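This note is addressed to a colleague who is meeting the structure for the first time. It takes up the cysteines and then the sheet, point by point.

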Amino acid sequence: GKGEKEGLLPHKPPGVKRFRGDWCVLEAAVLLIYRLQGDKTPCDRLCLSEYELVEYSGDPDASKLSFQLTSKDKTHHFTPKNKEEMESWLTAIKPLVKAVAELYIARQEHSACSEEELSFGKGAHIRVTSKTGTEVWTGQLLDPPGAGKVGTFPCSGVEPLEDLYI
């Protein structure tokens, strides 16, 4: 059967060191991931309603055009080959995921004063998880060093990431 969208989509599953040229098929809110086009059995099935879409991978091997699908215990990275592919996959996936992450970019660097705080450089990408305070938010740093760390940061130093494809 034909999926709603299919194509070659470089993918890095959890625990795998490098991106591989997997064949992905979107079918009824499930992203089926095959090692090769034409394979009968998918090596992964992502039920998109369990995943949050983050429109930036932060993986050092990914290009700027990248995104991740992240669930409670798993993160899958994808790096489409061009802007058209990126937009076309995101358009297909967005309505089906549990949530779309709120991404912000640092306008200036910030050095943490405590264990709870994030340190990051100018241009770092942060996935905001809660805007509890008026001056301090909580989020997850997506760029190395410190990628994956969750902590607080002053919201005055970040701005929303409007368009990631520029």
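**Notes on the cysteines and the sheet**

1. The structure holds zero disulfides. The model is a predicted one, and the statements below should be read as describing that model. In general, a disulfide is a covalent bond that links the sulfur atoms of two cysteines.

2. Why is Cys-24 without a bond to Cys-43? The cysteine sulfur closest to that of Cys-24 belongs to Cys-43, and the separation of 8.2 Å is too far for a bond, because a disulfide requires the two sulfur atoms to lie within 2.5 Å. Cys-155 is likewise in no disulfide: the nearest cysteine sulfur, in Cys-113, is 15 Å away.

3. Are Cys-24 and Cys-155 buried or exposed? Cys-24 has 0% relative accessibility and therefore counts as buried. Cys-155, at 14% relative accessibility, also counts as buried, because the limit for that class is under 20%.

4. Strand S3 comprises residues 23–27. Four of its five residues are buried, so the strand is largely enclosed by the rest of the structure.

5. Which strands pair with S3? One partner is strand S1 (residues 5–8), which is antiparallel to S3 and joined to it over four bridges. Within this pairing, Leu-8 stands opposite Trp-23 of S3. Another partner is strand S4 (residues 30–34), which runs antiparallel to S3 and is joined to it by five bridges. Here Cys-24 has Ile-33 in S4 as its bridge partner. As a general matter, strands of a sheet pair through backbone hydrogen bonds, in either a parallel or an antiparallel sense.

6. The connection between S3 and S4 deserves a separate remark. The two strands form a hairpin, with two residues between them. Ala-28, in the turn, has a positive phi of about 50°.

7. The wider sheet can now be described. It is an open sheet of four strands, in the order S1-S3-S4-S5, with antiparallel pairing. S1 and strand S5 (44–47) are the edge strands, each of which pairs on one side only. From one strand to the next, the twist averages 15°.

8. A helix accompanies this sheet. Helix H1 (residues 83–93) packs on the sheet and touches S1, S3 and S4. The direction of H1 makes about 145° with that of S1.

Methods:
Residues numbered from 1 in each chain as written. Predicted model: local features only at pLDDT ≥ 70, side-chain atom pairs only at ≥ 80, totals over all residues. Heavy atoms only, no water. Buried < 20%, exposed > 50% of the residue type's maximum accessible area, 1.4 Å probe, protein only. Pairing = 2+ DSSP bridges. Axes fitted to C-alpha atoms, helices over the stretch in contact; angles between N-to-C directions. Contact = heavy atoms within 4.5 Å.
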